[in-house]
Amino acid sequence: GTSMTLFEAVGGEPTFRKLVDEFYAGVATDPLLRPMYPEEDLGPAADRFALFLMQYWGGPNTYSAQRGHPRLRMRHAPFRIGAAERDAWLHHMRRAVDRLDLPPEIAGALWDYLERAAYFMVNVPADP
Ligand code: HEM
């Protein structure tokens with residue numbers, strides 16, 4: 001129905017956990033992205049990201065209960081995110097979204113948000 005959140009429409013938490021697990025499996029192998037993650041274990045970062053996405057799309061507010069206001073640009077300020085990092089991030093995310101086999105309009109909504117958010121997170125100017 002029209003009142004269903006995207007969180008509900010995709011199948012709730014298991015779908016977001018799968019998305020983030022697939023995404024981090026890609027990050028784990030990425031020579032540009034992997035060294036950016038401060039912790040040796042990517043599990044806690046994956047958990048934070050899954051909780052954030054669930055909250056954003058209308059699921060439980062566990063992310064903010066644990067972490068406070070998202071302030072994502074501020075939280076990414078310690079990391080150098082240029083076009084190459086953004087594109088690598090989006091590469092792994094595209095694969096992860098595709099693996100969910102969602103209906104096209106739902107996958108499209110999810111992807112549009114993720115792509116815009118990734119562009120928004122860039123914090124170093126493009127090369128001249
Ligand atoms: C955290 C990299 C884009 C959501 C992080 C961390 C890194 C990182 C290195 C720290 C890992 C941790 O300890 O949690 C990047 C890069 C991006 C990017 C290279 C490329 C554009 C995004 C986007 C979103 C996002 C587009 C949201 C749609 C998050 C969240 C956290 C996080 C929720 C955890 C924040 C916290 O509560 O501490 N990211 N990120 N990131 N990222 Fe990103």
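Hi everyone. Let's start inside helix α3, where Ala50, Leu51, Phe52, Leu53 and Met54 are buried. Before going on, please keep in mind that this is a predicted model.

So what lies over those residues? The cover on the buried part of α3 includes α1 (6–9), α2 (13–28) and α4 (62–67). We can also check the length of α3: with 14 residues at 1.5 Å each, α3 should span 20 Å, and its end C-alpha atoms are indeed 20 Å apart, so the two agree. After α3 comes Gly58, and the phi of Gly58 is positive, near 100 degrees.

Let me step back to the whole chain for a moment. The protein chain has seven helices and zero strands. Read from the N terminus, the order of elements is α-α-α-α-α-α-α. The radius of gyration is 15 Å, close to the 14 Å that the globule rule gives for 128 residues, so the chain is as compact as a globular protein of that length. If you like to picture a box, the C-alpha trace spans about 45 × 30 × 25 Å along its principal axes.

How much of the chain is buried? Of the 128 residues, 18% count as buried. And what about contacts between residues that are distant in sequence? Taking the contacts with a separation of 6 or more, 74% are between residues 24 or more positions apart.

Now to α2, which is one of the helices covering α3. In α2 the buried residues are Thr15, Phe16, Leu19, Val20, Phe23, Tyr24 and Val27. Where do they sit around the helix? They cover an arc of only 160 degrees around the axis, which puts them on the same side of α2. As a reminder for anyone new to helices, an α-helix has 3.6 residues a turn, so residues three or four places apart point the same way. The cover over this buried set in α2 includes α3 and α6. The length check works here too: α2 has 16 residues, which at 1.5 Å a residue should span 22 Å, and the end C-alpha atoms are 22 Å apart, in agreement.

Next, the ligand. Which residues come nearest to the ligand? Among the 22 residues around it, the nearest are Ala45, Arg48, Phe52, Trp89 and Ala117. The elements giving two or more residues to this shell are α3 (43–56), α5 (72–76), α6 (83–99) and α7 (104–120). The largest share, four residues, comes from α3. Notice that Phe52 appears twice in this talk: Phe52 is buried in α3, and Phe52 is also one of the residues nearest to the ligand. By class, the shell holds 15 nonpolar, one polar and six charged residues.

Let's look at α6 more closely, through His92, which lies in that helix. Is His92 buried or exposed, or something in between? With 19 C-beta neighbours inside 10 Å, His92 counts as partly exposed. Setting aside neighbours within four places in sequence, His92 is in contact with Phe23, Gly26, Val27 and Asp30. Two of those names should sound familiar, since Phe23 and Val27 are among the buried residues of α2. There is a distance to go with this: His92 and Ala28 are 64 residues apart along the chain, and their C-alpha atoms are separated by 10 Å.

Now for a couple of loops. Arg71 lies in the loop between α4 and α5. The phi of Arg71 is near 40 degrees, a positive value in a residue other than glycine. Arg71 is exposed, with 10 other C-beta atoms within 10 Å. Asp101, in the loop between α6 and α7, has a positive phi as well, near 50 degrees, and is not a glycine either. Asp101 is exposed, with 7 other C-beta atoms within 10 Å.

Finally, the segment after α7, where we find Val124. Val124 is exposed, with 12 other C-beta atoms within 10 Å. What does Val124 touch? Not counting residues up to four places away in sequence, Val124 touches Arg80, Ile81 and Gly82. Val124 and Ala25 are 99 residues apart in sequence, and their C-alpha atoms are 26 Å apart in space.

That's my tour. Thanks for listening!

Definitions and conventions:
Residues are numbered from 1 along each chain as its sequence is written. This is a predicted model: local features need pLDDT of at least 70, side-chain atom pairs count only at pLDDT 80 or more; totals for chains, interfaces and linings use all residues. The radius of gyration is taken over C-alpha atoms; the globule rule is 2.2 Å times the number of residues to the power 0.38. A residue is buried if 20 or more other C-beta atoms lie within 10 Å of its own, exposed if 12 or fewer, and partly exposed in between; C-beta atoms are placed from the backbone. Two residues are in contact if their C-beta atoms, placed from the backbone, lie within 7 Å. A residue is near a molecule or strand if its C-beta atom, placed from the backbone, lies within 6 Å of it. Ala, Val, Leu, Ile, Met, Phe, Trp, Tyr, Cys and Pro count as nonpolar, Asp, Glu, Lys and Arg as charged, and the others, Gly among them, as polar. The expected span of a helix is 1.5 Å times one less than its number of residues. The arc is that of the directions from the helix axis to the C-beta atoms.
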